[in-house]
Amino acid sequence: MRNMLFTYQWACYCLRAVSLVSLFLSWGILPVNAEVKLQSGRLSLEYRSGVNLQNGDLDLSRVTLSSAHKFRFSSQWSGQIDTLSQLASDNTGLGRVDNFASLNRPIFDNNKARVELARASVMWRKRGTSVVIGKQVTPWGVLDGIQVTDRFDPVRRRDFVLTDMRPERIARWGVRWRTKVDGWHIDTSLALDGSTSQQARMGDAFFLTSTRFTAGLTLDDVNVSNQAGEQVIKNNFEIVTPERSHALAHSTAGLKVAHSLGDGDVSLMVFRGPDADPVLGLHSMLKVNQPIRVSFDYLRRTVFGATYDVTQGATVWRLELAYIPDQPLNILASVPLAQARGQRILTGVGMDWRAPNDWFINTQLVVDYIEKDNLSLVRPQTDTLLTLRAQRSFYNARLVFKSELLASVNQGDGAIRPAFAFDWSDRIKLQSGIDWLFGDPNGQFGQFKDASRWWASFTYTF
Amino acid sequence: MKTLTTNNKSRLVNILTSYAPIARYLLVIAFIGASPAAVHANTVLSAQDVAINIVNRAANEGRVGNMHFTLHNDTGGVRQRSALFVHLARQGSTKIGIYFTAPAALQNTGFLSYDNVSGSDENWLYLPATDRVRKLPASSKGDYFMGTDLTYGDIKDNFKFALDDWNFSMGEALVIEHKSYYRLQGIAINNDKKQELGYSSFVALVDPLTFFPMKIEYSDTDGVPLKIISVQGLELIAEAWIATHFEVTNSQLAHKTEVILSEVQHIPDLPEEILTADELGYGVPSIAGR
């Protein structure tokens, strides 16, 4: 078995090598007359800062240089390379990467700077069939930024959910094959990469402290105050993440089929892989005057999903349903950080409405239910999430105003995010807004009420 | 107006002398004074006849080309957009794909629109940052397209006035530099249509040779002058007249959009599969023959 895993890991290393070599040297392995052509290229430099509304501290100060390049090698072959380079000097930080598979780790990384290969893939395509090999994403689902069936990819949550685009997907190494047969769209994906969702580092502004995310463990349990510095927390609390690798046990494999239905489109999917969010466990016995050692375990589960979206004039309706029969859970039991499995059902409905006077309204409601049997959950049995976004553009779409409400209806907490974006020119974009969080300090939004902020960004794209 | 007429006249002659046989035929007719109904605006044609001739103007079933928008605002600021467009009109339905190639911030953004002859219209948008093709609410014809001064209706209608949308009337023919133009007027048939189109009325100067409106003045839903579309370049592409250079001036916002089409090609067997939501996610399509 050990040899098999070893061989398998080497196969994955080879896959990555082949992807990269193919990308750079495709003209060598592709048809002799292939001509490498830069199809599109973009560089974007952004500075974003945020000031804490409560204490005036600079909570966010981050420079991001991102690049996206697409190449065409022939009529059937193409490639893509995206990079993400960041510098941060703030309380928000760049996020944990210890739960990334070794081959998915940043090329360069320290506390203040990080360079990542965001995408790297080659694609072969003929008529309705395509095969993509390399570092890529599998964006399934039809709702916006709220994850019901869209659970194939890990996502970045170092800024919680307070980002421009939601979710911010993390690409993984793998293979994706898509084809069309008699009106059916078949999409299969295999991610040979155990990377999971990125969270904030301990002590950072958006480090999770709500007991629903800490398996019931409170800050008092680890003997630190709510605003304790990183070192104080580290002295009392240690996270151990088992190595994420390219082993079969860490891979995610899925199949989606889609077809038109009436005026809309329906899709059915199934995928199995590690849950992108961890369940917590005690890594070693509790000892007096020793930090609590907690392991973040990413256990495999199966997701069955269905989506439907349909246009009805000025309205688009989106529906999603997910069933996870073996959802890993943390429960409250006689031993701390106990784990169990239960059935989880998520249903979501969303609506886009092109309202009068150029307003655009998007609203979504998701009910997330866990069949608990006799388990004592660390989160409510039923969570109800609501998102509401209103948006309008002015001056020939140079100025866009948007306002967003994200809320947990059952817990009464949430975030309100008014913002504007102004296209100063084709290259320069200015944005500013407020992320105001409210609710119980132990709620999923309320835990960050002290991190409410005013933010601004300047982006130069060329 | 003088500039417009002069430009068009010389450009039309150039086009007619250098393009397809049908154009040469029309040129000969014009010179020998045979005066078929289509040649001189002083020929008696009813407003409905002119509108029907405009609607029946030959169209390419499949058309591909590059689109360049230059947007001028009231403070002198200029923004530019370039895109590949793919246009397919088949069995009464129109499908349009627009794939942005510039500026860099918009690169690989794709927009797809189905104007279905039956059932509701459909739109999709692909934003590279989201990695996903998103279904959008059907656009009203009166909505403005991507920050330009063109409405979705302007883009879809291709300089034609749907017969069911307007009550037509004829104004006095206008003679500009010895050439007369039909003056076609239209009033939206009812209030709902007015709201849908974003216009209450129009006045168009129609070239009697091509039945192409060379200048259109639209009024908004309150009857206030809204914008002027001036065609500055026409090309005959596979027997269909295409406006390859035109300006849209919004007098209320003091904003102007200049549109230039280049490398426009008629592709009769354009595969319909190119214009599907799935394809949008693959970015700018590779089209055989280009």
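**View 1. A:E371 and its surroundings in the predicted model.** A:E371 touches A:G342 and A:Q343, leaving out residues up to four places away in sequence. This is a predicted model. A:E371 lies in strand β19 of chain A, which covers residues 359-371. Is A:E371 buried or exposed? A:E371 counts as exposed, because it has 12 C-beta neighbours inside 10 Å. Look also for A:I345. A:E371 and A:I345 are 26 residues apart in sequence, yet their C-alpha atoms are 8.1 Å apart in space.

**View 2. A three-strand open sheet in chain A.** The strands stand in the order β11-β15-β14 of chain A, and their pairing is mixed. The edges are β11 (237-240) and β14 (279-282) of chain A. Each edge strand has a single partner, so one side of each is left without a neighbour in the sheet. From one strand to the next, the twist averages 35°. Strands of a sheet pair through backbone hydrogen bonds, in parallel or antiparallel fashion. Which sense joins β14(A) and β15(A)? β14(A) pairs with β15(A), residues 292-297, in the antiparallel sense over four bridges. Within this pairing, A:L280 stands opposite A:F296 in β15(A).

**View 3. Where chain A touches chain B.** The contact involves 32 residues of chain A and 30 residues of chain B. Which elements of chain A give two or more residues to the side that touches chain B? They are β1 (37-52), β2 (58-72), β16 (300-312), β17 (315-331) and β18 (338-354) of chain A. The residues on this side of chain A comprise nine nonpolar, 12 polar and 11 charged. For the model, ipTM is 0.86 and pTM is 0.84.

**View 4. The largest nonpolar core.** This core has 35 residues. The residues with the most contacts inside it are B:V50, B:L184, B:V206 and B:F212. Many elements of chain B supply at least two residues each, including α3 (47-55), β1 (62-72), β7 (166-176) and β8 (179-188). Which strand gives the most to this core? β12(B) does, with five residues. Apart from this core lies another, of 21 residues; among them are B:V64, B:L88, B:Y152 and B:L270. In soluble globular proteins, nonpolar side chains tend to be buried together.

**View 5. B:V206 and the strands around β9(B).** Start with B:V206. Beyond its neighbours within four places in sequence, B:V206 is in contact with B:V50, B:I54, B:Y181, B:Y182, B:L184, B:F211 and B:P213. Now follow β9(B). Five of the six residues of β9(B) are buried, so the strand is mostly covered. β9(B) pairs with β8(B) in the antiparallel sense over six bridges. In that pairing, B:L184 stands opposite B:A204 in β9(B). β9(B) also runs antiparallel to β10(B), joined by six bridges. Here B:V203 stands opposite B:E217 in β10(B). How many residues lie between the strands in the hairpin of β9(B) and β10(B)? There are six, and B:F211 in this hairpin takes a positive phi near 55°.

**View 6. The hairpin of β5(B) and β6(B).** β5(B), residues 122-127, and β6(B) run antiparallel and are joined by five bridges. The bridge partner of B:L125 in β6(B) is B:R134. Four residues lie between the two strands of this hairpin. One residue in the turn, B:D131, has a positive phi of about 65°. Which side chains of β6(B), residues 132-136, point to the buried face? B:V133 and B:K135 point to one face and are buried. B:R132, B:R134 and B:L136 point to the other face and are not buried.

**View 7. Chain A and chain B as wholes.** Chain A has two helices and 24 strands. Chain B has six helices and 13 strands. Of the 462 residues of chain A, 37% are buried. Of the 290 residues of chain B, 37% count as buried. Take contacts with a separation of 6 or more. In chain A, residues 24 or more positions apart account for 61% of such contacts. In chain B, residues 24 or more positions apart account for 49% of such contacts.

**View 8. Confidence along chain B.** Chain B averages a pLDDT of 82, and 83% of its residues score at least 70. Where is the pLDDT of chain B below 50? It is below 50 over residues 1-39. In the model this stretch has 45 contacts beyond near neighbours in sequence.

How values were computed. Residues are numbered from 1 along each chain as its sequence is written. Chains are lettered from A and ligands numbered from 1 in the order in which they are written. This is a predicted model: local features need pLDDT of at least 70, side-chain atom pairs count only at pLDDT 80 or more; totals for chains, interfaces and linings use all residues. Two residues are in contact if their C-beta atoms, placed from the backbone, lie within 7 Å. Ala, Val, Leu, Ile, Met, Phe, Trp, Tyr, Cys and Pro count as nonpolar, Asp, Glu, Lys and Arg as charged, and the others, Gly among them, as polar. Two strands pair if DSSP finds at least two bridges between them. Axes are lines fitted to C-alpha atoms, for helices over the stretch in contact, and angles run from 0 to 180 degrees between N-to-C directions. A residue is buried if 20 or more other C-beta atoms lie within 10 Å of its own, exposed if 12 or fewer, and partly exposed in between; C-beta atoms are placed from the backbone. A nonpolar core is a set of buried Ala, Val, Leu, Ile, Met, Phe, Trp, Tyr and Cys residues joined through C-beta atoms within 7 Å. pLDDT is the predictor's confidence in each residue, from 0 to 100.
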